[in-house]
Amino acid sequence: MNLENFTASEVSSAVQGGELRLHIGRFILKISSVLPEFERALRQLYAHYPASVTGGAYDYDIDVSPPSFFRRWVRRNSSFHLSGEAPFLPMEVGHAHALFEWGLNWTLGSYAHNFLILHSAVVELHECGVLLAASSGSGKSTLAAELALQGWRLLSDELALIDRDLRLIPCARPISLKNQSIEVIRTRHPTADFGPFARDTHKGTIAHLPAPKSSVARNRETAVPRLIIFPKWTADAVLRLEPVGSGQAALRLIDQSFNYPLLGRQGFERMADLVDAAEAWELEYSSLDDARKTIEQLVREHG
Amino acid sequence: MPDRFLQAAGGLTLRTCDEGVLVFDERNGKTSLLNHQGALVLRALCSEPGVKEAALQRALGMDRESDIAVFQALISSLRDSGLIVR
């Protein structure tokens, strides 16, 4: 059953009692909270995800609750806890769902070391897996959102998980958009359904676009990496597409990796296999339409 | 890269790439990119019999502090020559 198939009261009871299990691709999360705002956001953003409300095994134990009893009522705020530990400072209650997404990224980046983990969005078209590898502020998530809303399969907007067989492991989750990117996507896709806005965070305003239902339904199907794109949005830039050699691509991806140093030789071999298997390109653009068409052309030619 | 070099390069893993060779050093976890010229230099050092090869093998064996110093000097020299991209 998916989360949307349970009543609000069933979900609420499970979240408060620590019985909710949410399946995001290969990962099973135990999620608990006493914050109704977080629970509502969870039901909206993860409606199509497999879930159970009767407990069971899990990979990660996540709690999003006030850091102390009194903070449930006075100057309300929320903390992200992983197995009882709080790695971040508390944030206001209205940011709890954003905190959950950041915390989950941190959790996977810190503990899912059976995968090589890169800071990259991952999308797929015509069985061609495409990594959109870039640091924050490059427009990576906006481009991933645009592609997802244009029918591409979304595997992730933030983390590329690569297993030992060089398969891309899907972990489609809500796409995190910031500040102007939110308006860009809303203007282009007026019917897009955003989750609650988190305003005045340390990154500005954050809004989450739920992953397409079709992508969530395929969250257990791996993909083959065929293209690596290093996207960069620049205002008024003329579209520029240049090939990147596999050695340079590897070095750039290493810079974007969460756990490359930890994996040692195994990580190096996997990285070398990745840049052997997937052609790399640098794409500078100012128009999302141009970027999308260019990547689609690359998929046709090289995928 | 000849097998002989790979055997000599204990602790190093090499993979060819578009620009030359990617080198992973297990001892410090660092990844370097040698361009084709740099790869040829290493290959020549390994292929020619005699002192150079033996020295390199000792250096890459890195079981003594002095060996490590020799290897680092070699890499430093290659870097100064612009043969190591990073």
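**Notes on the predicted two-chain model**

1. Starting with charge pairs: over all chains, the structure holds 20 salt bridges. Bear in mind throughout that this is a predicted model. As general background, side chains of opposite charge can pair when their charged atoms come close.

2. One of these pairs sits within chain A. The side chains of A:R218 and A:E124 form a salt bridge, with N to O at 3.5 Å. It's a link between distant parts of the chain, as the two residues are 94 apart. A:R218 lies in the loop between α6 (213-217) and β15 (225-233) of chain A, while A:E124 belongs to strand β7 (residues 116-125) of chain A.

3. Now for the interface. Chain B puts 15 residues in contact with 16 residues of chain A. About 1,400 Å² is buried between the two chains, and carbon and sulfur atoms give 58% of that area.

4. What about polar pairing across the same boundary? Between chain B and chain A there are 8 residue pairs in polar contact, counting pairs with both residues at pLDDT 80 or more. The rule also finds 4 salt bridges across this interface. A pair worth pulling up on screen is A:E269 with B:R15, a salt bridge whose closest N and O atoms are 2.9 Å apart.

5. Which elements of chain B give two or more residues to the side that touches chain A? They are the strands β1 (12-17), β2 (20-25) and β3 (30-35) of chain B. The largest share comes from β1(B), with 5 residues. Sorted by class, the side of chain B that touches chain A has 7 nonpolar, 3 polar and 5 charged residues.

6. On to helix packing in chain A, beginning with α2 (residues 36-45) and α3 (residues 96-111). Their axes come within 8 Å and cross at roughly 60°, so α2(A) is oblique to α3(A). On the α2(A) side, A:F38, A:A41, A:L42 and A:L45 meet A:A96, A:H97 and A:F100 of α3(A). By class, the residues of this contact split into 6 nonpolar and 1 polar, with no charged ones.

7. Last, the pair α4 (residues 140-149) and α9 (residues 288-302) of chain A. Here the axes come within 10 Å and cross at roughly 70°, which makes α4(A) roughly perpendicular to α9(A). From α4(A), the residues A:T142, A:L143, A:E146 and A:L147 meet A:L288, A:D289, A:A291, A:R292 and A:I295 in α9(A). The residues of this contact come out as 5 nonpolar, 1 polar and 3 charged.

Note on methods: Residues are numbered from 1 along each chain as its sequence is written. Chains are lettered from A and ligands numbered from 1 in the order in which they are written. Side-chain values use heavy atoms; hydrogens and water are left out. Axes are lines fitted to C-alpha atoms, for helices over the stretch in contact, and angles run from 0 to 180 degrees between N-to-C directions. Helices (H or I, at least four residues) and strands (E, at least two) are DSSP runs, numbered from the N terminus. Angles under 35 degrees count as roughly parallel, over 145 as roughly antiparallel, 65 to 115 as roughly perpendicular and the rest as oblique. Contact means heavy atoms within 4.5 Å. Ala, Val, Leu, Ile, Met, Phe, Trp, Tyr, Cys and Pro count as nonpolar, Asp, Glu, Lys and Arg as charged, and the others, Gly among them, as polar. Buried area is the accessible area (1.4 Å probe) that two parts lose on being put together, summed over both. A polar contact is a pair of N or O atoms within 3.5 Å; within protein, one must be able to donate a hydrogen and the other to accept it, and residues adjacent in sequence count only if both atoms are side-chain atoms.
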